[in-house]
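Me: Please pick one part of this model and take me through it closely. After that, I'd like to see how it fits in with everything around it.

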Amino acid sequence: MSEAIEGGCFCGRIHYRLKRRPMFVHCCHCRDCQRQVGSAFVINGIVEAENLEILTGEPMMVTLSTDSGRPHDVYRCAVCQSALWSDYGRRKWLSFLRLTTLDRPSAFAPDVHIYTRSKLDWVPLPAGARVFDAYYDVQAEWPRESLERLNAARAKAKGQAKP
C-alpha cells in the first residue's frame, strides 16, 4: 500500500484513515460475526490501533459478550450504527478493521477464511483459499513481516503500560 486509504460509516459522520496496510486479513464466518453484521461473513483487517486515524466524528464503543468471557468492544457510529472496527480482549493496541467500510473495500483480499464450520452452505470459497474450521496458529500462518509488526506493537504497548 503506497498511500493511505480512507473509510467511514454509512451516514458519513465518521471518517477515518488507514495509514498502513493490514498485517493480516480474516474472512470470518463465525455465527457471532454473521449476527453482528447481518451477513454471511465479515472481512477484518488486523492493524495496529495507531494506524487508524479518526478524521471526523467520534465512534461509540459497544461491548459484546463472547464465549471466552473476554470483552469484544465494537466501535460504531452513534447515528447509523455502522461497525467500523473491533478490539477483541480490550487490548487497545490492536484493531480488527471492517475492511468493507473503506472507500475502496476490495483493496485487501482475505488471507484466510476462519470459522468455516459455521459457513453458510451456499457461500463458495475461492479455489486455493486457506480455510480453517476455527482459528489457526498465527505463528504458522502469518508472514514474517506481519509477525514482526505484531510483536513490535505488542512490545510498544507493554512498554507504555509500565509506570
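**A strand and its surroundings**

Reply: Let's start with one pair of residues: serine 86 has phenylalanine 96, in strand 9, as its bridge partner. Please keep in mind that the model is predicted. Strand 9 covers residues 94-98, and this is the part I'll follow.

Serine 86 belongs to strand 8, which spans residues 83-88. Strands 8 and 9 run antiparallel to one another and are paired over two bridges. They make up a hairpin with five residues between the strands, and in this hairpin glycine 89 adopts a positive phi near 85°.

Strand 9 has another partner. It is joined to strand 4 by five bridges, and these two strands are antiparallel as well. On this side you can look at asparagine 44, whose bridge partner in strand 9 is arginine 98. As a reminder of what such pairing involves, strands of a sheet pair through backbone hydrogen bonds, either parallel or antiparallel.

Now for the side chains of strand 9. In a regular strand they alternate between the two faces of the sheet. Here Leu94, Phe96 and Arg98 point one way, while Ser95 and Leu97 point the other way. Are these residues buried or exposed? All of them are buried, whichever way they point. That makes five of the five residues of strand 9, so this strand is largely enclosed by the rest of the structure. Arginine 98 is worth a look in your viewer: it is among the buried residues, and it is also the one opposite asparagine 44.

Stepping back, where does strand 9 sit in its sheet? The sheet is open, has seven strands in the order 6-7-8-9-4-3-10, and shows mixed pairing. Strand 9 thus stands between strand 8 and strand 4 in that order. At the edges are strand 6 (60-64) and strand 10 (112-114), each pairing on one side only. From one strand to the next, the twist averages 30°.

Move across strand 4 (residues 42-48) and you come to strand 3 (residues 24-28), joined to strand 4 by five bridges in an antiparallel arrangement. Here phenylalanine 24 lies opposite isoleucine 46 of strand 4.

Phenylalanine 24 also leads us to the aromatic rings. A pair of aromatic rings is described by the distance of the centres and the angle of the planes. Phenylalanine 24 and tryptophan 142 are both buried. Their ring centres are 5.1 Å apart and the planes are at 20°, so this pair is stacked. Tryptophan 142 lies in the loop between helix 2 (138-141) and helix 3 (144-161), and the pair links parts of the chain that are 118 residues apart. The two residues also belong to a cluster, in which ring pairs link Phe24, Phe132, Tyr135, Tyr136 and Trp142.

On the other side of strand 9, strand 8 has an aromatic link of its own. Seven aromatic pairs are counted in the protein, and one of them is the edge-to-face pair of tyrosine 16 and tryptophan 85, 6.0 Å centre to centre with 85° between the planes. Tyrosine 16 is in strand 2 and tryptophan 85 in strand 8, so the pair ties together parts that are 69 residues apart in sequence. With the cut-off for burial at under 20% relative accessible area, tyrosine 16 is buried at 0%, and tryptophan 85 is buried at 7%.

Strand 2 brings in a second sheet. This one is open and antiparallel, with three strands in the order 1-2-5. Strand 1 (5-8) and strand 5 (52-56) are its edge strands, and neighbouring strands are turned by 30° against each other on average, direction ignored. Strand 2 (residues 15-18) and strand 5 are paired over four bridges, with leucine 18 opposite leucine 52.

Finally, here is the whole protein around strand 9. It has three helices and ten strands, which run β-β-β-α-β-β-β-β-β-β-β-α-α from the N terminus on. Of its 163 residues, 41% count as buried. Among contacts with a separation of 6 or more, 56% come from residues 24 or more positions apart. The radius of gyration is 16 Å, which agrees with the value near 15 Å for a compact globule of 163 residues.

Terms used:
Residues numbered from 1 in each chain as written. Predicted model: local features only at pLDDT ≥ 70, side-chain atom pairs only at ≥ 80, totals over all residues. Heavy atoms only, no water. Pairing = 2+ DSSP bridges. Axes fitted to C-alpha atoms, helices over the stretch in contact; angles between N-to-C directions. Rg over C-alpha atoms; globule rule 2.2 N^0.38 Å. Buried < 20%, exposed > 50% of the residue type's maximum accessible area, 1.4 Å probe, protein only. Contact = heavy atoms within 4.5 Å. Phe/Tyr/Trp six-rings, centres within 6.5 Å; stacked < 30°, edge-to-face > 60°.
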